[in-house]
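Me: I would like to go through this structure with you, asking at each step why a term applies. Could you set each value against its definition?

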Amino acid sequence: MDYSDTDDSLRRRSRKIAILGESARRQFESPRERSYGFMGDMEEDIRLEATRSRLLNIFKKHGDLAERMSRDSDKTIYERLHKEFEAARASQTQEIYLEGEQWNDGLLATIRERVHMEVERKAMARDVGMLHSPHLQERITYRVGDKVICCLEGARIGILYETSYAGEPCDIYHLVLESKSFLEKMTVLEHTIPFFLPLTEAENDLLSSNAMKFIDYVGELLQAYVDRKEQVRLIKELYGNQIKELHCSMTYHLILFAIFDCGCQVMVKLKYADLVSVLPTNVSVVAWPIQIRRFSLNTSTMNILEGPTCLLYAEDALRTMSLPAAYAEIVLNLPQALREMHEESP
């Protein structure tokens, strides 16, 4: 047998397969080889589906755990502080509304002075004249936007944060600051703020140097968190039948979901620059078409795109609108965007 002839034959066969492509390769395969390739593809699909199921199960457990911890942790603290704040507001003799520059460091110093005067008054309880002093028994609470600031027993300052979404009241949070001495810095004594928000970091960075800025920042942090959370809740409520595989971080600053519409899968990824943002800065909306209708006046044909396509109009909507409004914009304009994408493709 001439081995050179055999080698030439094999080389010609290889070149022919390379030229004709995948379909020719399968023709040269034996039935056993084709069967093995088919079974290999099936096994790979099964492994991928199993991995996907496990990941979805992990995401679900993560979401359930986060919700339970957020809801149930420190429940007794919330109930106790809620009662204490309600009692403080019920015993107030005056509530002062502050606007703009009326809320300043000087006023916060006045509030600190009041709580220490109250402690001293109680320490001198045997002095009847001090007990009945109208000035020292005056109880004032201050309202600054969505914050209510009041004096609590034992040289403590309480801040009640009222959050809202679309004009409707949402969650209430409490923060208690301790002021051991008028000359010492205040510290966070207790609170009902979700554990995953960076309260400790804010305390270390701001409270000792600028207590007013710290109080305002915590309010912004809570309102932004509630805003993002409510946006997600609303799209689940309105479009839950269209949205698939919705995943969020506990702070809702990372959001991922999929939309199945017009014969394609649209993957949406949102990332917020920081935890006080209510609109995302890093947005990705990618259509992974399976089958897409090419619309015309009289007919509708099916075409298959070869790869993913960014939907720029959708990304712009998500950067400038609330999530529910942007979602409606995406779905409404998706058929038109797909049609234009087909017309522009070669």
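Me: What makes a set of residues the largest nonpolar core here?
Reply: A nonpolar core is a set of buried Ala, Val, Leu, Ile, Met, Phe, Trp, Tyr and Cys residues joined through side-chain atoms within 4.5 Å. Buried, in turn, means under 20% relative accessible area, with exposed over 50% and partly exposed in between, using a 1.4 Å probe and protein chains only. The largest such set has 62 residues, and those with the most contacts inside it are W103, L175, L177, F214, F257, V266 and L318. Helix α9 gives the largest share of this core, 11 residues. A second, separate core has eight residues, among them A88, V148, C150 and L152. One thing to keep in mind is that this is a predicted model, where local features need pLDDT of at least 70 and side-chain atom pairs count only at pLDDT 80 or more, while totals for chains, interfaces and linings use all residues. Residues are numbered from 1 along each chain as its sequence is written, and side-chain values use heavy atoms, with hydrogens and water left out.

Me: Which residues does L177 touch?
Reply: Contact means heavy atoms within 4.5 Å. Not counting residues up to four places away in sequence, L177 touches A155, R156, I157, I159, M186, T187, V188, L207, F214 and I215. Across the chain, residues 24 or more positions apart account for 53% of the contacts with a separation of 6 or more.

Me: Why is Q231 called buried or exposed?
Reply: Q231 has a relative accessible area of 3%, so Q231 counts as buried. This residue is found in helix α9. Q231 touches Y165, V278, S322, L323 and P324, again leaving out residues up to four places away in sequence. For the whole chain of 346 residues, 34% count as buried.

Me: How close does the side chain of Q231 come to the backbone nitrogen of L323, and what makes that a polar contact?
Reply: The distance is 2.6 Å. A polar contact is a pair of N or O atoms within 3.5 Å; within protein, one must be able to donate a hydrogen and the other to accept it, and residues adjacent in sequence count only if both atoms are side-chain atoms.

Me: Why is the aromatic pair of Y225 and Y252 called tilted?
Reply: Rings of Phe, Tyr and Trp (its six-membered ring) pair if their centres lie within 6.5 Å; planes under 30 degrees apart count as stacked, over 60 as edge-to-face and the rest as tilted. Y225 and Y252 lie 6.2 Å centre to centre with 50° between the planes, and the pair is tilted. Y225 lies in helix α9 and Y252 in the loop between β7 (243–248) and β8 (254–261), so the pair ties together parts that are 27 residues apart in sequence. Both Y225 and Y252 are buried. F195 and F196 join Y225 and Y252 in one aromatic cluster.

Me: How do you know that β4 and β5 pair?
Reply: Two strands pair if DSSP finds at least two bridges between them. Strands β4 (residues 156–165) and β5 (residues 168–178) have nine bridges in the antiparallel sense. L160, for one, has H174 in β5 as its bridge partner. Helices (H or I, at least four residues) and strands (E, at least two) are DSSP runs, numbered from the N terminus. By that rule the chain comes to 11 helices and 13 strands.

Me: What makes β7 and β13 edge strands?
Reply: They belong to an open, antiparallel sheet of five strands in the order β7-β8-β9-β10-β13. Each has a single partner strand, so one side of each is left without a neighbour in the sheet. Strand β13 (residues 309–310) is joined to β10 by two bridges and runs antiparallel to β10. A287 stands opposite T309 in β13.

Me: Which strands does helix α9 lie across, and how are the angles defined?
Reply: Axes are lines fitted to C-alpha atoms, for helices over the stretch in contact, and angles run from 0 to 180 degrees between N-to-C directions. Helix α9 (residues 211–239) lies across β3 (147–152), β4, β5 and β6, at about 30° to β4. Helix α9 also lies across β7 and β8, at about 165° to β7.
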